[in-house]
Amino acid sequence: MVNFGNLLQYLALQSPHSGDTTTDSNNTTLNLAKMGLTAYTLPALPYSYDALEPHISAQIMELHHSKHHQAYVTNLNKALESHVAAVASDDVAGQIALQQVIKFNGGGHINHSLFWKNLAPAGSNEANLDRASSLVAEIEKTWGSLDAFKKAFSTALLGLQGSGWGWLVKEAGNGAGLRIVTTKDQDPVVGGDVPIFGVDMWEHAYYLQYLNGKAAYVKNIWNVINWQTAQERFSGKSDEKTEL
């Protein structure tokens, strides 16, 4: 999916930066353009903020998308700008210090971009299991039944300590089987595995609506999974950009 080592190597090969190195948010996009880099932007949701109600409230969706995801995008752009400046000035310590910032905010941007698209309004065509026939068949082959898979996935989500994500992934390599993985904080799926769908288990994804009732959030998330998108990712037909 994404290799932040490769991203940092790419940045190190950019033309040396000269001139203004301000990280003011109003100038970041312009500065990145001068450096030959494209600034990342907040993607629009494919549905309205209230489209996932009652399972995910409009209030949560608006805050989650317009505030939390936007913060990851803003901080990623600032970190990339600072990293190029550190490379240009041979500031190795600065480059190293920024790697975790880029990983955290870059992962937050990737994870949320995938998350919005693997959700769909309950009762919509996209949320219909019929849209994922071959994926469901592979799930049943791997876990014995769809219900058994949901139970295993939900157990993994509720077993997360602190903040993180749960993912159904298609494994890299010749086997290309399915497995459930969790990632800490905003770490993205790596190693060539393809994320089929993910569930955000940070408190900001559910607390305003469910308070400490994580189990209810996990139970209800199944009503708004976009099985059409999951099928496209599983079959390799998705045109989503999953790398920075």
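A residue counts as buried when its relative accessible area is under 20%. That cut-off comes up again and again in the views below of this predicted model.

**View 1. His 55, a residue in a loop.**
His 55 sits in the loop that runs between helix H2 (28-34) and helix H3 (58-88). Is His 55 buried or exposed? Its relative accessible area is 15%, and because buried means under 20%, His 55 counts as buried. Who keeps it company? Setting aside neighbours within four places in sequence, His 55 is in contact with Ala 122, Gln 209, Tyr 210, Asn 220, Asn 223 and Val 224.

**View 2. The whole chain, to get your bearings.**
Let's step back for a moment. The chain's secondary structure comes to 9 helices and 3 strands. Follow the sequence along and you get the pattern α-α-α-α-α-α-β-β-β-α-α-α. The chain has 244 residues, and 45% of them count as buried. About 11,600 Å² of the chain is exposed, with carbon and sulfur atoms supplying 48% of that area. Take the contacts between residues at least 6 apart in sequence: 72% of them join residues at least 24 apart.

**View 3. Confidence along the chain, and the stretch 1-23.**
The average pLDDT of the chain is 87, and 83% of the residues score at least 70. Over residues 1-23, though, the pLDDT is below 50. This stretch still has 53 contacts in the model beyond near neighbours in sequence. Where pLDDT is low, the predicted coordinates should not be read in detail.

**View 4. Phe 153 and Trp 222, one of the aromatic pairs.**
The count of aromatic pairs comes to 15. In this view, Phe 153 and Trp 222 form an edge-to-face pair, with 5.6 Å from centre to centre and 70 degrees between the planes. Which parts of the chain does the pair link? Phe 153 belongs to helix H6 (residues 146-158), while Trp 222 is in the loop between helix H8 (214-221) and helix H9 (227-235). That puts the two 69 residues apart, so distant parts of the chain are linked here. Phe 153 and Trp 222 are both buried.
Widen the view a little and you find a cluster: ring pairs link Trp 143, Phe 149, Phe 153, Phe 197, Trp 222 and Trp 227.

**View 5. Lys 170 over a ring.**
Here a charged side chain meets an aromatic one. Lys 170 lies over the face of Phe 234, at 5.0 Å from the ring centre. Look out for Phe 234 again in the last view, where it turns up among the contacts of Leu 135.

**View 6. Asp 187 and Lys 103, a salt bridge across the sequence.**
The model's salt bridges number 3. In this one, the side chains of Asp 187 and Lys 103 meet at 3.7 Å, N to O. Asp 187 is in the loop between strand S2 (178-184) and strand S3 (194-200), and Lys 103 is in helix H4 (residues 92-117), so the pair ties together parts that are 84 residues apart in sequence. Both ends count as partly exposed: Asp 187 has 24% relative accessibility, and Lys 103 has 29%.

**View 7. Arg 179 and its two acidic partners.**
Arg 179 forms a salt bridge with Glu 171, the closest N and O atoms being 3.1 Å apart. Another salt bridge joins Arg 179 to Asp 193, with the closest N and O atoms 2.5 Å apart. Asp 193 lies in the loop between S2 and S3 and Arg 179 in strand S2, so this pair ties together parts that are 14 residues apart in sequence. Asp 193 is buried, with a relative accessible area of 8%. Through shared partners, the salt bridges join Glu 171, Arg 179 and Asp 193 into one network. Glu 171 is partly exposed at 30%, and Arg 179 counts as partly exposed at 33%.

**View 8. Leu 135 and its surroundings.**
Our last stop is Leu 135, in helix H5 (residues 133-143). How buried is it? The relative accessible area of Leu 135 is 0%, so Leu 135 is buried. Leaving aside neighbours within four places in sequence, Leu 135 is in contact with Leu 168, Leu 178, Ile 196, Trp 227, Ala 230, Gln 231 and Phe 234. Leu 135 and Glu 232 are 97 residues apart along the chain, and 9.2 Å separates their C-alpha atoms.

Key. Residues numbered from 1 in each chain as written. Predicted model: local features only at pLDDT ≥ 70, side-chain atom pairs only at ≥ 80, totals over all residues. Heavy atoms only, no water. Phe/Tyr/Trp six-rings, centres within 6.5 Å; stacked < 30°, edge-to-face > 60°. Helix = DSSP H or I, 4+ residues; strand = E, 2+ residues; numbered from the N terminus. Buried < 20%, exposed > 50% of the residue type's maximum accessible area, 1.4 Å probe, protein only. Lys NZ or Arg CZ within 6 Å of the ring centre and 35° of its normal. Contact = heavy atoms within 4.5 Å. Areas by Shrake-Rupley, 256 points an atom, 1.4 Å probe, with all protein chains shown as cover. pLDDT = per-residue confidence, 0-100. Salt bridge = Lys/Arg side-chain N within 4 Å of Asp/Glu carboxyl O.
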